[in-house]
Amino acid sequence: PQGRLLCGPGLRRSGAGLLVTKCGLLRHRPGGGGAYWVDSQQKRYVPVKGDHVIGIVTAKAGDVFRLDVGGSEPASLSYLAFEGATKRNRPNVQVGDLIYGQFVVANKDMEPEMVCIDSSGKSSGMGIIGQDGFLFKVSLGLIRKLLAPKCEIIQELSQLYPFELVLGMNGRIWVKAKTIQQTLIIVNILEACEYMTAEQRRQALAKLSGT
Amino acid sequence: FMQRGLDSQTKKQLEEEEKKIISEEHWYLDVPDLKEKESCIIEERSFLRCEDLVYGRMSFKGFNPEIEKLMIRMNSKCKEEEIEEDDKMEADVSDEEMARRYETLVGTIGKKFLRKRDQRVLKDDDEDDEVEEGNSNTKPSKRAKKMFLKPQD
């Protein structure tokens, strides 16, 4: 067979076959050479290269920031990894800021490293997340559900009020709306979405849009 | 005569002998080469490559216009085929308007570079014919240009 098979998270190659390392549902994608992976549920994030995550700046150590991404180690982020940053033009990052970036190095042997620019040198939405807003944590499965191409939850929420949303693959979500009340409503819906069925969700949203 | 050539030849021989000695000293496996199996399986630890996930930053109802533009750009990378078809329709100026503008543009810029006599001719022409484009106006003015007349003997 010409096409290479992609074996995703939860599967490992051993000899000529595959071993399953996580419990969950086996998913298959027929396009692009075929891919199999195990759709598992967990709350603890393990840094993976290429993932976009939200990190909290915990310390500034010379030229490098330490970010907490919810993994076993704090990730490092160099001050040059922002768009348009030079040695003289440093980004204005303080301790306690939220940063949306992607992992460039993430394996079990090394400390994870993050950057806020992509391969062409543009920031494309990454970098410091602005003031206000609310950060909270959900399980990783919900994040993947929300990031699916046509997510009903997101579509229904977008009908309610104007708001801004940043989803990190490490389970962190940041929400900002015009008033604090609206922000908290969106936060509660997203947190409860995990255990509500579609019917209950629609009822809750109908109540909100009615009031 | 032929001494330099001899030297180079002897040098070559010496080099060859050296190489033989060195290669004999090299250890090599007597086992036949194992064919490296082409791994048909790629291991991947991120969900991004497996599922078709949308970009993580979103904004709704115009809360943050920059992020909304970013959303369109990021999500359109997945649907590049549709955009290629729509390219023809997306031009800001239609082809007809473009042609009209271009015609008048050539006339106005052309007038700028005419000499004074030709400009006067143009003005007269303009008063007579209002509709004619710049191209047709320059033609009579060019004809009116006086060529060098060779003096008759």
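In the predicted model, A:Arg29 stands opposite A:Ala35 of strand E5 in chain A. A second pairing between the two strands concerned places A:Leu25 against A:Asp39, its bridge partner in E5(A). Strands E4(A) and E5(A) run antiparallel and are joined by five bridges. Together they form a hairpin, with five residues between the strands. Within the turn of this hairpin, A:Gly32 has a positive phi of about 65°.

The hairpin belongs to an open sheet of four strands, arranged in the order E4(A)-E5(A)-E1(A)-E1(B). The pairing in this sheet is mixed. Strands of a sheet pair through backbone hydrogen bonds, either parallel or antiparallel. Strand E4 of chain A, spanning 25-29, lies at one edge, and strand E1 of chain B, spanning 41-43, is likewise an edge strand. Each of these two strands pairs on one side only. On average, and with direction ignored, neighbouring strands of the sheet are turned by 25° against each other.

A further open sheet of four strands also draws on both chains, in the order E12(A)-E14(A)-E13(A)-E2(B). Its pairing is antiparallel. The edge positions are held by strand E12 of chain A (134-137) and by E2 of chain B, each of which pairs on one side only. Here the average turn between neighbouring strands is 20°, direction again being ignored. Within chain A, five bridges connect E13(A) and E14(A) in the antiparallel sense, and A:Leu165 has A:Val175 of E14(A) as its bridge partner. Helix H3 of chain A (residues 180-192) packs on this sheet and touches E12, E13 and E14 of chain A. The direction of this helix makes about 150° with that of E14(A).

The junction between the chains in this sheet is formed by E13(A) and strand E2 of chain B (residues 57-60), which pair in the antiparallel sense over four bridges. Among the residues involved, A:Glu164 has B:Ser59 in E2(B) as its bridge partner. The side chain of A:Glu164 also meets that of B:Arg57 in a salt bridge, with an N to O distance of 3.8 Å. The count between chain A and chain B is one salt bridge. Helix H3 of chain B (residues 65-76) lies across E13 of chain A together with E2 of chain B, and runs at about 120° to E2(B).

Considered as a whole, the contact between the chains takes 44 residues from chain A and 29 residues from chain B. The two chains bury about 3600 Å² between them, and 61% of this area is on carbon and sulfur atoms. Eight residue pairs are in polar contact across the interface, with both residues at pLDDT 80 or more. On the side of chain A that touches chain B, at least two residues each come from strands E1 (5-7), E2 (11-14), E5 (35-39), E13 (163-167) and E14 (172-177), as well as from helix H2 (152-158). The largest share, five residues, is supplied by E13(A). By residue class, this side of chain A divides into 27 nonpolar, seven polar and 10 charged residues.

Note on methods: Residues numbered from 1 in each chain as written. Chains lettered and ligands numbered in written order. Predicted model: local features only at pLDDT ≥ 70, side-chain atom pairs only at ≥ 80, totals over all residues. Heavy atoms only, no water. Contact = heavy atoms within 4.5 Å. Buried area = accessible area lost by both parts, 1.4 Å probe. Salt bridge = Lys/Arg side-chain N within 4 Å of Asp/Glu carboxyl O. Polar contact = N/O pair within 3.5 Å; in protein donor to acceptor, adjacent residues only side chain to side chain. Nonpolar A, V, L, I, M, F, W, Y, C, P; charged D, E, K, R; others polar. Pairing = 2+ DSSP bridges. Axes fitted to C-alpha atoms, helices over the stretch in contact; angles between N-to-C directions.
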